[in-house]
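Me: I am new to this structure and would like a close look at a single part of it. Could you choose one, show me how it is built, and tell me what lies around it?

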Amino acid sequence: MKIIHLSDLHIGHKECGERFRTIIRNISSRMKPVEDYVVIITGDIVDNANKPEQREEAALSIEELVDLGYRVLVIPGNHDYGTGTIGNLRNVRLFKERFYRDSDITFPKVDIIHGTAFIGLDSTAEELNWHDRILAQGELGREQLGRLEETINDSAITKMMKVVYLHHHPFDFKIGRQLKDSRDLRKIIENRIELLLFGHYHRSRLDAIKVIHGKWGIPRCYNAGTATHKNGNYGFHRVIDLSRFDPAMDYDGEFLK
Ligand SMILES: [Fe+2]
């Protein structure tokens, strides 16, 4: 089983939707058999969740990937709950209905696939409780972190390979971009998981998106940037084979080419 990590599609922004369709076409022609792959999308699926046509286009594209036979796991980013800076609580329910067909789902969202635990976190919803609803930083919240700790300590899950995926950057401590409760997350996952995937940060220099394997004792840590290269920003389509212990075997699928 291999993972294809995409992030920050920003469907609805200029040609991002068309580029995602190109990515899907190239995945479907190059990555076979489909049962071998899990596609993980770490948020900012749409550019502005307040626009129904963007939500519709995103849902249709992801459904296409599912119809082709790929297992697809998604979690929300700040743009999936509003404009990216200002959120709207209504969009939380819409996201869950659209992508999970279950408005009562809570995070972490745990999927066990071929003996690997995929643990998805929502780093945006907690921000909606703030009076100003400013979303850029990200926060997991005490309740979600409590449930994450229970999940990681679960006797069945402890024995499995664990992949944690979220939208916000857990290691970037620059004002305005940090995950507010990054230190609490660290206490729970340090030395406990095999792979950490995220996105969110794709605006600036390439060195900010570089691979950071080994951080917090996690062998593989990847920021995908923006898969659709929003505004010419950096982005990767990494293909990750967890059965190989050497991350040097992972590669960029370059599905836009
Ligand atoms: Fe983004």
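Reply: A residue is called buried when its relative accessible area is under 20%, exposed when it is over 50%, and partly exposed in between. Keep in mind that this is a predicted model. With that in hand, let us start from two cysteines. Cys-16 has 0% relative accessibility, so it counts as buried. Cys-221 also counts as buried, because its relative accessibility is 0%. Are there any bonds between cysteines to look for, and how many disulfides does the count give? A disulfide is a covalent bond between the sulfur atoms of two cysteines. With a cut-off of 2.5 Å between the sulfur atoms, the count comes to zero disulfides.

Cys-221 takes us to strand E8, and this is the part I would like to follow closely. E8 spans residues 220-223 and is an edge strand, pairing on one side only. What covers its two faces? Each face is covered: Arg-220 and Tyr-222 are buried on one side, while Cys-221 and Asn-223 are buried on the other. The neighbor of E8 is E7; these two strands run parallel and are joined by four bridges. Here Leu-195 stands opposite Arg-220 in E8.

Leu-195 also leads one strand further in. Val-163 stands opposite Leu-195 in E7, and the strands concerned are E6 (residues 161-165) and E7 (residues 195-198), which pair in the parallel sense over three bridges. Stepping back, E8 belongs to an open sheet of five strands in the order E4-E5-E6-E7-E8, with mixed pairing. The other edge strand is E4, and the twist averages 15° from one strand to the next.

Just before E4 comes a loop, and Thr-106 sits there, between helix H3 (90-100) and strand E4 (109-113). Is Thr-106 buried or exposed? Its relative accessibility is 46%, so it counts as partly exposed. Thr-106 and Arg-147 are 41 residues apart in sequence, yet their C-alpha atoms are 9.4 Å apart in space.

For the surroundings, turn to a second open sheet of five strands, with the order E3-E2-E1-E9-E10 and mixed pairing. Its edge strands are E3 (71-75) and E10 (251-252). Strand E9 makes a nice counterpart to what you saw in E8: its two faces are covered, with Arg-238 and Ile-240 buried on one side and Val-239 and Asp-241 buried on the other. E9 (residues 238-241) pairs with E1 (residues 2-6) in the antiparallel sense over four bridges. Lys-2 stands opposite Asp-241, and Val-239 is the bridge partner of Ile-4. Val-239 has a partner in E10 too, namely Tyr-251; two bridges join E9 to E10, which run antiparallel.

Helices complete the picture. H2 lies across strand E2 (37-42) and E3, running at about 150° to E3. Helix H1 (residues 16-30) and helix H2 (residues 52-67) pack at an angle of about 5°, with axes 10 Å apart. An angle under 35 degrees counts as roughly parallel, so H1 is roughly parallel to H2. Gly-17, Phe-20, Arg-21 and Ile-24 in H1 meet Glu-57, Ser-61, Ile-62, Glu-64 and Leu-65 in H2. These contact residues divide into four nonpolar, two polar and three charged.

How values were computed. Residues are numbered from 1 along each chain as its sequence is written. This is a predicted model: local features need pLDDT of at least 70, side-chain atom pairs count only at pLDDT 80 or more; totals for chains, interfaces and linings use all residues. Side-chain values use heavy atoms; hydrogens and water are left out. Buried means under 20% relative accessible area, exposed over 50%, partly exposed in between (1.4 Å probe, protein chains only). Axes are lines fitted to C-alpha atoms, for helices over the stretch in contact, and angles run from 0 to 180 degrees between N-to-C directions. Angles under 35 degrees count as roughly parallel, over 145 as roughly antiparallel, 65 to 115 as roughly perpendicular and the rest as oblique. Contact means heavy atoms within 4.5 Å. Ala, Val, Leu, Ile, Met, Phe, Trp, Tyr, Cys and Pro count as nonpolar, Asp, Glu, Lys and Arg as charged, and the others, Gly among them, as polar. Two strands pair if DSSP finds at least two bridges between them.
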